[in-house]
Amino acid sequence: MASGSVQLIRPARNVSGSLRLPGDKSISHRYAMLGAIAEGPTRLKNFSTGADCASTLGCLGTLGVGWDRNDDEIVIRGEGPTLRAPASPLDCGNSGSTMRMLSGILAGQSFSSELLGDTSLSRRPMARIIEPLEQMGARISSAEGNRPPLRITGGALAAIHYPMPVASAQVKSSLLFAGLFARGETSVEEPVRTRDHGELALRAFGAELHRQGNQAHIAGGQQLRAIEASIPGDISSAAFFLCAAALFPRSNLTITDLLMNPTRARLLDILLAMGARISVAQLEEHHGELVGTVEIEGGTVKGATVAGSDTAALIDEIPVLAAIAPYTSTGVEIRDARELRVKESDRIAAVARNLRKMGARVEELEDGLKIPGGQDLHGAEIDSEGDHRIAMAFAVAALRAKGETLIHGAEAAVISYPGFFEALEGVVAR
Ligand code: S3P
């Protein structure tokens with residue numbers, strides 16, 4: 001059982017009210033990294049409050065980038081593409097995004113740096129960035145099995161065309177960032193469409209980048225310009241509230257200033273197909289990212305099958321979809337989700353173990369889960385397994401269970417959303 005804090009969750013009658021969420025984690029990482037190599041001060045409002053994005057800021061500080069946080073704004077004082085050789089290792093904490101995307105920038109620097117992480121990150125696969133960055137000319141050593149820590153010796157890079165064997169937005173961004181430092185035009189081809197924040201952020205910072213089908217192309221040697229932005233609310237954090245609201249007929253929840261990027265908003269399509277009533281208003285575009293207000297009313301929810309490109313689009317939302325699956329009328333099947341086994345935890349196994357503790361029948365597949373619908377769950381002692389999304393997903397499952405649930409290792413939520421449990425309590429009616 002994970003040590004740390006224990007959170008009590010009692011059953012709810014519905015989930016109603018209004019919320020605005022901290023800035024999207026994926027966008028916060030990218031704006032911070034690009035701000036660091038742009039010319040001039042980048043001003044970011046509603047920056048993610050999560051520990052993962054703090055890891056990115058910490059690493060940038062170690063690389064000589066000045067930044068400060070005042071009120072609701074972070075200012076990153078970019079001084080162009082050349083960073084300072086770090087005097088100590090770069091601590092990426094729990095954040096795979098920090099390690100993989102920053103590696104792309106470090107590959108283009110003329111110094112050596114070491115990136116390390118916590119126990120969970122130290123188990124995660126890095127061959128997916130090591131291979132292409134080495135093809136571009138960086139030298140990278142790693143621990144056994146291509147795991148962290150990584151030691152990167154950067155230098156002159158040459159552009160490559162890289163068909164990615166795994167669908168990963170982190171890898172895509174890492175290579176496009178490296179492409180900025182490379183001679184020639186780098187192109188990255190993805191097997192299925194993944195989130196496009198890297199592409200949009202590069203354009204926002206003034207780079208020319210073009211997409212053609214499943215390929216993104218970027219020419220090296222482009223200078224970035226600082227931006228001012230307010231980061232839209234994190235839709236992967238919103239997923240917990242949306243799924244919670246969907247479970248109760250009398251829920252009525254509004255989330256304002258929410259990221260609506262089509263490569264991230266697939267959960268809304270799935271919840272609609274499952275029978276939730278959802279409306280989107282006040283759509284606006286900021287730096288290429290869509291932002292809007294979402295209102296959801298719950299009810300009886302049908303099940304769903306998530307496979308193929310849907311799985312890639314919903315990769316961070318699958319734990320919560322799976323956690324509410326037993327309450328759907330027809331159950332949920334998740335396929336093509338092998339990647340979930342190499343996230344912050346093995347999320348397929350962690351979901352199956354915790355659902356069983358709540359009395360659910362679950363079939364664990366190598367690449368997913370089959371969870372029958374029409375099940376009643378009871379409160380239980382949940383183990384977050386140190387994974388933020390598992391802690392939060394089971395807080396949602398607990399709202400419709402019979403009896404109380406204890407989430408052990410609840411502090412993991414700080415990785416993406418400190419204050420999650422308080423925000424959830426704020427919209428739960430009992
Ligand atoms: C992310 C991409 C996803 C996701 C992660 C954040 C990003 O990972 O799971 O939480 O910001 O690009 P992969 O791209 O490795 O699938």
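User: Is Asp 196 buried or exposed?
Analyst: Happy to start there, keeping in mind that this is a predicted model. The relative accessible area of Asp 196 is 12%. Buried means under 20%, so Asp 196 counts as buried.

User: Which residue meets the side chain of Asp 196 in a salt bridge?
Analyst: The N to O distance of the pair is 3.7 Å, and a salt bridge needs 4 Å or less. The partner is partly exposed at 38% relative accessibility, whereas Asp 196 is buried. The residue that meets Asp 196 is Arg 193.

User: How many residues apart are Arg 211 and Glu 190, which also meet in a salt bridge?
Analyst: The N to O distance here is 3.2 Å. Arg 211 sits in strand E14, while Glu 190 lies in the loop between strand E13 and helix H6. This bridge therefore links distant parts of the chain, and the two residues are 21 residues apart.

User: Of that pair, which residue counts as buried?
Analyst: The cut-off for buried is under 20% relative accessible area. Arg 211 has 23%, so it is partly exposed. Its partner has 3% relative accessibility, and the buried residue is Glu 190.

User: Which strand holds the salt-bridge partner of Glu 73?
Analyst: Glu 73 forms its bridge with Arg 43, with the closest N and O atoms 3.3 Å apart. The two are 30 residues apart, and Glu 73 belongs to strand E5. At 15% relative accessibility Glu 73 counts as buried, whereas Arg 43, at 30%, counts as partly exposed. The strand that holds Arg 43 is E3.

User: How many salt bridges does the structure hold?
Analyst: Some of the charged residues are linked in a network of salt bridges, among them Arg 124, Asp 316, Glu 344 and Arg 347. Also in this network are Arg 195, Asp 387 and Arg 389. For the structure, the number of salt bridges is 29.

User: Why are the buried residues of helix H8 on the same side?
Analyst: The buried residues of H8, which spans residues 266–274, are Leu 267, Leu 268, Ile 270, Leu 271 and Met 274. They lie on the same side of H8 because the arc they cover around the axis is only 165°.

User: Which elements cover those buried residues of H8?
Analyst: The cover includes two helices, H7 and H10. Strands take part as well. Among the covering elements are therefore H7, H10, E18, E19, E20 and E21.

User: Which residue follows H8 with a positive phi?
Analyst: Its phi is near 115°. The residue that follows H8 is Gly 275.

User: What is the volume of the largest pocket?
Analyst: Of the 38 lining residues, 11 are nonpolar, 11 polar and 16 charged. The space in this largest pocket comes to about 630 Å³.

User: Which residues are closest to the centre of the largest pocket?
Analyst: Helices H1, H3, H5 and H9 each give two or more residues to the lining. The residues closest to the centre are Ala 167, Ser 168, Ile 315, Glu 339 and Lys 343.

User: Which strands each supply at least two residues of the lining of the second largest pocket?
Analyst: This pocket has a volume of about 180 Å³. Its 13 lining residues include Asp 257, Glu 284, His 286, Val 291 and Gly 292, the closest to its centre. By class the lining has three nonpolar, seven polar and three charged residues. The strands that each supply at least two residues are E17, E18 and E19.

Technical notes:
Residues are numbered from 1 along each chain as its sequence is written. This is a predicted model: local features need pLDDT of at least 70, side-chain atom pairs count only at pLDDT 80 or more; totals for chains, interfaces and linings use all residues. Side-chain values use heavy atoms; hydrogens and water are left out. On a 1 Å grid over the protein atoms alone, a cavity is a set of points where a 1.4 Å probe fits but cannot get out, and a pocket is an open set with protein on both sides within 12 Å along at least five of seven lines; lining residues have an atom within 4 Å of a point. Grid points are joined across faces, edges and corners, and a volume is the space filled by probe spheres set on the points. Helices (H or I, at least four residues) and strands (E, at least two) are DSSP runs, numbered from the N terminus. Ala, Val, Leu, Ile, Met, Phe, Trp, Tyr, Cys and Pro count as nonpolar, Asp, Glu, Lys and Arg as charged, and the others, Gly among them, as polar. Buried means under 20% relative accessible area, exposed over 50%, partly exposed in between (1.4 Å probe, protein chains only). The arc is that of the directions from the helix axis to the C-beta atoms. Contact means heavy atoms within 4.5 Å.
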